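Let's take a walk through this one together. Have the model open and follow along as we go.

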Amino acid sequence: MTPRPSSSYSQRARLGLIVPPTNSVNEAEWTRLMPEGVTFHSHRMKLHPAGDPALMPDLLAGIELLGQVRPDAVAYACTAGSMTTPSAQMPDAASEASGLKVLTTSHALILALRALGAERISVATPYAKATNDHEVEFLAAHGIETLAIAGLGIGAGGLHEYVRIAQTPLAEVKAHALETFAPGSDALLLACTDFPTLPLIEELESELGVPVISSNTATLWAMLRACGVADNLPVGGKLFAA
């Protein structure tokens, strides 16, 4: 990989970010979290279900485009679309094919939960039952037990419904999270990179007494750690102290 050139803004790290086409939350939340001296640069990619043979060619094409800004790492920030078992399968294959360091949201979630020592969790999502069932299986395959999971049903009628995820009011997200949480959980996971959750993480941690991670905080945490940036970002919750 060609060394990243010096920059007035990316003194510490430069991140690449690939999101589904309708996603409007990931970049907004990362902007609020980004440490000084770290920048991110984004690209949109067609949404594919996990296992779709067209996913990897599209992902590699996106990585190739982002590679022109010479990022230190690239994230494929799609939770449901990156749930492969083992979780490192997709990022490892993309890293080998592209010559860049690649991470996926689903792999970042596993890394984050392990860093927090969370073995039994609750999961609140915007998804329909089929996607939630797949997530439970994915987590179980990596040694994580789901004590409770609930979704808002978005996507039951097809992928075109996903644009509604970002439109979920924060008050509804919080109520959904609190209703889903099962006592005895080591952590609460708020899944989906287009689910608006960042302003709620600290207050949910305070109310529930356990770490709360989201798809966006886990992905950024894993990306920063992969680039040697270990800042504790208070608004991101307890994960960034792990």
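**A walk through the fold**

C192 counts as buried, at 8% relative accessibility; buried means under 20% relative accessible area, exposed over 50% and partly exposed in between, with a 1.4 Å probe and protein chains only. You'll find C192 in the loop between strand 7 (187-190) and helix 7 (201-208), where helices (H or I, at least four residues) and strands (E, at least two) are DSSP runs numbered from the N terminus. Its backbone is worth a look: C192 has a positive phi of about 115 degrees although it is not a glycine.

Before going further, some housekeeping. This is a predicted model, in which local features need pLDDT of at least 70 and side-chain atom pairs count only at pLDDT 80 or more, while totals for chains, interfaces and linings use all residues. Residues are numbered from 1 along each chain as its sequence is written, and side-chain values use heavy atoms, with hydrogens and water left out.

Back to the backbone. Most residues other than glycine have a negative phi, and most peptide bonds are trans. R70 is not a glycine, yet its phi is positive, about 55 degrees. R70 sits in the loop between helix 2 (55-66) and strand 3, and with a relative accessible area of 35% it is partly exposed. Then there's the peptide bond from T85 to P86, which is cis, with omega near 0 degrees. P86 belongs to the loop between strand 3 (73-76) and helix 3 (89-98).

Now for the interior. The largest nonpolar core (a set of buried Ala, Val, Leu, Ile, Met, Phe, Trp, Tyr and Cys residues joined through side-chain atoms within 4.5 Å) has 74 residues. Those with the most contacts inside this core are L15, W30, L59, I121 and L220. Helix 8 (residues 215-226) gives the largest share, six residues.

Which residues does L15 touch? Not counting residues up to four places away in sequence, its partners include W30, V38, F40, L220 and L224, contact meaning heavy atoms within 4.5 Å. V38 is found in strand 2 (residues 38-44) and counts as buried at 6% relative accessibility. With the same sequence neighbours left out, V38 touches Y9, R12, A13, L15, L224 and V229.

W30 and F40 deserve a stop of their own. Rings of Phe, Tyr and Trp (its six-membered ring) pair if their centres lie within 6.5 Å, with planes under 30 degrees apart counted as stacked, over 60 as edge-to-face and the rest as tilted. The count by this rule is one aromatic pair. The ring centres of W30 and F40 are 5.6 Å apart and the planes are at 85 degrees, so the pair is edge-to-face. It links distant parts of the chain, with W30 in helix 1 (residues 26-33) and F40 in strand 2, 10 residues apart. Both W30 and F40 are buried.

Over in helix 6 (residues 170-180) you'll meet H176, which counts as buried at 7% relative accessibility. Leaving aside neighbours within four places in sequence, H176 is in contact with A124, T125, A150, G151, L152 and F195.
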